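Welcome! Have a look at the protein below, and then work through the exercises one step at a time.

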Amino acid sequence: MDEDQHANSGPSNKSPNQVPQKQKKKPRGPTKGIKSMPGVPRIIEWDHLDRPTGKWATDYKNHIGEISRAKVSILIRTWEDVSQGIKDTLWEDVKREFHITDETKKEVVLKSCDKRWREFKSRLTTGWIRGTRKRPKDEKMPYDLYSYITKDIWKEFVKIRTSEEAEV
């Protein structure tokens, strides 16, 4: 037997019927926020439907989600219950970060904040309370992942989301 035949005749690590395992996708973790870029103006452009477009649109959307989650408590039941002071803070933050000078965009920005905040609460509910959504493999709880959620806030949120009123 020559050297090539001997090398190929040894036991193989793979059987001919073995199917390669598909890598599972890692679920999303918390957004890290946008990086500060002093001196670089982030200017949002809007299309005819008041949707953000252009180079900074993705950063805008990420920022909207991050500040909405951080500044608006998950214990507030509806967006209408959020104080005007918090809404004004959100608007001022976005306006400053993305050099928005058109005051008529305030309603559009706050609608985006509302949508991102509700989506976050929904992800918490489906991921950790109902278990119908993927969550991190390390089984970390939301109060481990998000600095603005404490164990007490989480317990109250679970109580609210599992109440009879919420089920209806």
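**Exercise 1. Decide whether Tyr 146 is buried or exposed, and describe its ring partner.**

Step 1. Tyr 146 has a relative accessibility of 9%, so Tyr 146 counts as buried; buried means under 20% relative accessible area, exposed over 50%, and partly exposed in between, with a 1.4 Å probe and protein chains only.

Step 2. Tyr 148 reaches 22% relative accessibility and therefore counts as partly exposed.

Step 3. The ring centres of Tyr 146 and Tyr 148 lie 5.8 Å apart with the planes at 35°, so this pair is tilted. Rings of Phe, Tyr and Trp (its six-membered ring) pair if their centres lie within 6.5 Å; planes under 30 degrees apart count as stacked, over 60 as edge-to-face and the rest as tilted.

A note before you go on: this is a predicted model, where local features need pLDDT of at least 70 and side-chain atom pairs count only at pLDDT 80 or more, while totals for chains, interfaces and linings use all residues. Residues are numbered from 1 along each chain as its sequence is written, and side-chain values use heavy atoms, leaving out hydrogens and water.

**Exercise 2. List the elements of the protein in order.**

Step 1. The protein has 7 helices and 2 strands. Helices (H or I, at least four residues) and strands (E, at least two) are DSSP runs, numbered from the N terminus.

Step 2. Starting at the N terminus, the order is α-β-β-α-α-α-α-α-α.

**Exercise 3. Describe the pair formed by Trp 46 and Tyr 60.**

Step 1. The two rings are edge-to-face, at 5.7 Å centre to centre and 80° between the planes.

Step 2. Trp 46 sits in strand β1 (residues 45-46) and Tyr 60 in helix α2, 14 residues apart, so the pair links distant parts of the chain.

Step 3. Tyr 60 is buried, with a relative accessible area of 1%, whereas Trp 46 is partly exposed at 22%.

Step 4. Together with Phe 98, Trp 46 and Tyr 60 form one aromatic cluster.

**Exercise 4. Find which helix gives the largest share of the largest nonpolar core.**

Step 1. A nonpolar core is a set of buried Ala, Val, Leu, Ile, Met, Phe, Trp, Tyr and Cys residues joined through side-chain atoms within 4.5 Å. The largest one has 18 residues, and those touching the most other members include Tyr 60, Phe 98 and Val 109.

Step 2. Helices α2 (57-71), α3 (84-97) and α4 each supply at least two residues of this core. The largest share, 4 residues, comes from α4.

Step 3. A second, separate core of 8 residues includes Ile 74, Leu 124, Trp 128 and Trp 154.

**Exercise 5. Work out how α4 and α6 pack.**

Step 1. Helix α4 (residues 106-129) and helix α6 (residues 151-161) meet at an angle of about 90°, their axes 11 Å apart. Axes are lines fitted to C-alpha atoms, for helices over the stretch in contact, and angles run from 0 to 180 degrees between N-to-C directions.

Step 2. That makes α4 roughly perpendicular to α6; angles under 35 degrees count as roughly parallel, over 145 as roughly antiparallel, 65 to 115 as roughly perpendicular and the rest as oblique.

Step 3. Among the residues in contact (heavy atoms within 4.5 Å) are Leu 124 and Trp 128 in α4, and Trp 154 and Phe 157 in α6.
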